[in-house]
Amino acid sequence: MEINTESHSCGAILHILNSKGRPMPKAFPGLRDIQRGLTLLNFNPGPIDGQFGARTEAALLALLQARGPALEQRESAPRGAASIVQAGKYTVREAIIHCSDTRPLWMDNAALEAKVADIRRWHMQERGWRDIGYHWLIDRDGKLAPGRAETEIGAHVIDRNQGTLGICLLGGHGAAATDPFERNFTRAQDIALRALLADIKRRTPIARVSGHNEWAPKACPGFSVPLWLIGA
Ligand SMILES: [Zn+2]
């Protein structure tokens with residue numbers, strides 16, 4: 001499989017694969033979670049040891065091939081940059097998790113791109129924004145789609161858009177702020193979100209991962225992000 005490392009910036013998994021041939025850490029935060037996730041999806045990464053070895057790489061490549069081109073992303077942060085900077089001045093130091101507040105089977109037979117187009121239309125036509133408010137979206141099957149470019153300030157949380165990335169999990173309709181993750185979201189989404197966060201942490205100095213409900217009296221994303229992060 002051909003992976004063009006220069007003309008496309010990439011999502012979490014593709015980004016890791018693209019690091020081939022350049023110096024990359026053999027271990028990084030979240031790698032064990034990715035290995036656990038690969039195991040659950042029947043892509044055997046070898047031992048869950050937090051080491052990015054040949055078997056983990058092969059399993060990620062197999063997953064990528066199985067998922068097709070949906071993981072290819074539009075231009076985001078410059079490759080090799082030490083941080084993601086928005087609007088030329090706000091370094092990204094936080095990721096904020098959201099949900100789309102849609103039902104589990106919403107647009108079930110549609111491609112992720114069509115769902116993202118619908119959410120973009122809500123944001124642009126009904127809220128009057130210039131683009132979709134989120135930077136990343138994760139479908140029920142774990143597929144990842146880009147929203148607004150990471151180098152642009154998002155529109156996803158009042159008074160906290162500068163220097164943050166908004167990540168939206170599809171689903172979460174009727175969820176409560178204190179629900180366990182698995183009540184409203186899938187195992188594949190759990191894996192994809194952890195992989196995406198690990199990737200973002202390699203590209204910018206993330207000091208905090210939070211949920212929308214920590215910044216506003218809302219249920220969104222429909223679970224406690226701090227508890228989810230520690231696996232509680
Ligand atoms: Zn939200």
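# A tour outward from strand E6

Begin by selecting Ile138, which stands opposite Leu169 in E6. The model on screen is a predicted one, and this pair offers a way into its sheet. The two strands concerned, E4 and E6, pair in the parallel sense, and three bridges hold that pairing in the assignment.

Keep Leu169 highlighted and add Cys99, which also stands opposite Leu169 in E6. Cys99 leads to strand E3, residues 94–99, which runs parallel to E6 and is joined to it by six bridges.

Now colour E6 itself, residues 164–169, by the direction of its side chains. Thr164, Gly166 and Cys168 point one way from the strand, while Leu165, Ile167 and Leu169 point the other way, and all are buried. Because six of the six residues of E6 are buried, the strand is largely enclosed by the rest of the structure.

Next, widen the selection to the whole sheet. Five strands form an open sheet, in the order E5-E4-E6-E3-E7, with mixed pairing. At its edges stand strand E5 (144–146) and strand E7 (208–211), and since each has a single partner strand, one side of each is left without a neighbour in the sheet. If you look across the sheet, neighbouring strands are turned against each other by 25° on average, with direction ignored.

To reach one of those edges, move from E3 to E7, where the two strands pair in the parallel sense over four bridges. A convenient pair to label here is Ala95 and its bridge partner in E7, Val209.

With the sheet still displayed, add helix H6 (residues 187–203), which packs on the sheet and touches E3, E4, E5, E6 and E7; the direction of H6 makes about 165° with that of E6. A distance check along this helix is simple: its 17 residues, at 1.5 Å a residue, should span 24 Å, and the end C-alpha atoms lie 25 Å apart, which agrees. Of those 17 residues, 13 are buried, so H6 is largely enclosed by the rest of the structure.

Within H6, select Asp190. Is Asp190 buried or exposed? Asp190 is buried, because 20 other C-beta atoms lie within 10 Å, and 20 is the number at which a residue begins to count as buried. Leaving aside neighbours within four places in sequence, Asp190 is in contact with Phe181 and Phe185. A further residue to pick is Gly142, 48 residues away along the chain, whose C-alpha atom is separated from that of Asp190 by 7.7 Å.

Then leave the sheet and go to helix H2, residues 31–40, where the buried residues are Leu31, Ile34, Gln35, Gly37 and Leu38. Turn the view to look down the axis of H2: these buried residues fall within an arc of 160°, so they line one face of the helix. An α-helix has 3.6 residues a turn, so residues three or four places apart point the same way. Just after H2, select Asn42, which takes a positive phi of about 70°.

Finally, show the entire protein chain, which has seven helices and seven strands. Traced along the sequence, they follow the pattern α-α-α-β-β-β-α-β-β-β-α-α-β-α. Buried residues account for 41% of the 232 residues in the chain, and among contacts between residues at least 6 apart in sequence, 69% join residues at least 24 apart.

Notes. Residues numbered from 1 in each chain as written. Predicted model: local features only at pLDDT ≥ 70, side-chain atom pairs only at ≥ 80, totals over all residues. Buried ≥ 20, exposed ≤ 12 C-beta atoms within 10 Å, placed from the backbone. Contact = placed C-beta atoms within 7 Å. Pairing = 2+ DSSP bridges. Axes fitted to C-alpha atoms, helices over the stretch in contact; angles between N-to-C directions. Arc of directions from axis to C-beta. Expected span 1.5 Å × (residues − 1).
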